[in-house]
Amino acid sequence: MSGDNNKKQYHFVIMAAQRKGVVNPLAEAAGVSHKCLIKIDGKSLIERTLTEVVASGLARRISVSIEDDAPLKSDSYVRGLMDGGFVRFVKSTDNLFDSVAAALAQDDDLPAIITTADNVLVTAEMYRYFCEHAESYDASAALCSRETLESKYPGGQKRFHRFKDGQYTNCNTFAIMNREAVAAAEVFRSGGQFLKASRLRAIKSFGLINAIAYKNAWFTLDGGFKGLSRKFGVNIAPVLMPFPEAPIDVDNEHTLEFATRIIKDRKAEAESQ
């Protein structure tokens with residue numbers, strides 16, 4: 001995959017599987033097998049995500065993690081990328097950690113950027129910004145402050161991580177630079193939705209002190225990530241995204257409506273220029 005020779009190239013992993021035994025209500029309402037196949041203004045979610053990954057110029061390889069390749073081949077755009085060798089299918093497993101590990105099993109699968117097929121508002125510019133700021137660390141997570149998000153989209157996200165210096169929401173974009181950082185992703189073995197996690201699961205994943213500190217917002221954002229770095233023995237850092245659209249993925253009807261409106265507004269703005 002071509003790109004700027006002066007920039008580091010990444011293996012992009014797009015998570016597109018459904019939870020085992022769960023029929024996604026948005027997919028069911030749209031009459032498709034997987035949420036990633038839902039269309040907004042004529043294009044599927046996964047097409048929109050892949051288009052921006054390709055346009056970033058940063059992808060040397062793209063893998064899509066999903067149960068089987070039939071849903072991908074049902075989308076003509078994705079099938080074309082697969083037939084051209086630009087996108088490969090990697091079979092997902094029953095949990096997020098093992099699915100990521102399967103996608104990163106080969107020696108040349110790193111460094112990697114992990115994102116989701118419903119991250120349809122993240123643009124090529126945003127990927128370039130994230131990668132530029134993530135490349136100095138073993139692992140990074142893209143976050144957006146509540147102030148940045150709500151300066152343009154009040155109500156665009158309802159769940160926030162609370163820290164001593166503010167509230168932040170996840171942008172579902174992560175960098176994993178080396179094998180040591182892959183091991184740190186073990187915290188996601190039982191699922192990644194820690195805003196809705198049980199207290200016991202949070203303690204098991206992050207350690208008692210970190211879990212208590214998180215619950216009570218004792219740490220600043222940087223302090224919290226330094227605590228995680230010490231626990232896992234790798235340098236993990238947040239990348240604060242200055243883009244209010246970055247954390248709005250398609251999780252439910254509310255965010256689907258938000259994403260649809262933003263995409264149509266972008267299209268109208270582009271056509272008027």
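Strand 7 and strand 10 run parallel to each other and are joined over 5 bridges, which makes a handy place to start. This is a predicted model, and its chain of 273 residues has 50% of them buried. The chain holds 12 helices and 10 strands. Let's walk through the strands, then a loop, then two helices.

**The chain overall**

- Among contacts with a separation of 6 or more, 74% link residues 24 or more positions apart.
- The exposed area comes to about 13,400 Å², and carbon and sulfur atoms supply 50% of that.

**Strand 7 and its partners**

- Strand 7 covers residues 139-145, and 7 of its 7 residues are buried.
- Ala139, Ala141, Leu143 and Ser145 point one way from the strand, while Ser140, Ala142 and Cys144 point the other way.
- That pattern fits a general rule: side chains in a regular strand alternate between the two faces of the sheet.
- Besides its parallel pairing with strand 10, strand 7 pairs with strand 9 (residues 166-176) in the antiparallel sense, over 6 bridges.
- On the strand 9 side, phenylalanine 174 stands opposite alanine 141.
- On the strand 10 side, serine 140 has alanine 237 as its bridge partner.

**Alanine 237, seen from strand 10**

- Alanine 237 belongs to strand 10, which spans residues 236-240.
- Its relative accessibility is 7%, so alanine 237 falls under the 20% cut-off and counts as buried.
- Beyond its neighbours within four places in sequence, alanine 237 touches Tyr137, Ala139, Ser140, Ala141 and Phe225.
- Alanine 134 is 103 residues away from alanine 237 in sequence, yet their C-alpha atoms are 7.8 Å apart in space.

**Serine 92 and the loop before helix 5**

- Serine 92 sits in the loop between strand 5 (87-91) and helix 5 (96-103).
- Is serine 92 buried or exposed? With a relative accessible area of 10%, serine 92 is buried, because the cut-off is 20%.
- A polar atom of the serine 92 side chain lies 3.2 Å from the backbone nitrogen of glutamate 67.
- Glutamate 67 also appears among the contacts of serine 92 outside four places in sequence, along with Ala17, Ser65, Ile66 and Ser99.

**Helix 5**

- At the start of helix 5, asparagine 95 brings a side-chain oxygen to within 3.2 Å of the backbone nitrogen of phenylalanine 97.
- Phe97, Ser99, Val100 and Ala103 are buried in helix 5.
- Seen down the axis, these residues fall within an arc of 165°, so they line one face of helix 5.

**Helix 12**

- Helix 12 takes in the 20 residues 253-272; at 1.5 Å a residue it should span 28 Å, and its end C-alpha atoms are 29 Å apart, which agrees.
- Asparagine 252 caps the N-terminal end, with a side-chain oxygen 3.1 Å from the backbone nitrogen of histidine 254.
- Which residues of helix 12 are buried? They are Thr255, Leu256, Phe258, Ala259, Ile262 and Ile263.
- Those residues cover an arc of only 160° around the axis, so they lie on the same side of helix 12.
- That buried set packs against helix 1 (25-30), strand 2 (39-40) and helix 2 (45-56).
- Glu253, Glu257, Glu271 and Ser272 are exposed and sit on the face of helix 12 turned away from its buried side.

Notes. Residues are numbered from 1 along each chain as its sequence is written. This is a predicted model: local features need pLDDT of at least 70, side-chain atom pairs count only at pLDDT 80 or more; totals for chains, interfaces and linings use all residues. Side-chain values use heavy atoms; hydrogens and water are left out. Helices (H or I, at least four residues) and strands (E, at least two) are DSSP runs, numbered from the N terminus. Buried means under 20% relative accessible area, exposed over 50%, partly exposed in between (1.4 Å probe, protein chains only). Contact means heavy atoms within 4.5 Å. Accessible areas come from the Shrake-Rupley method with a 1.4 Å probe; for residues, only the protein chains shown count as cover. The expected span of a helix is 1.5 Å times one less than its number of residues. The arc is that of the directions from the helix axis to the C-beta atoms. A polar contact is a pair of N or O atoms within 3.5 Å; within protein, one must be able to donate a hydrogen and the other to accept it, and residues adjacent in sequence count only if both atoms are side-chain atoms. Two strands pair if DSSP finds at least two bridges between them.
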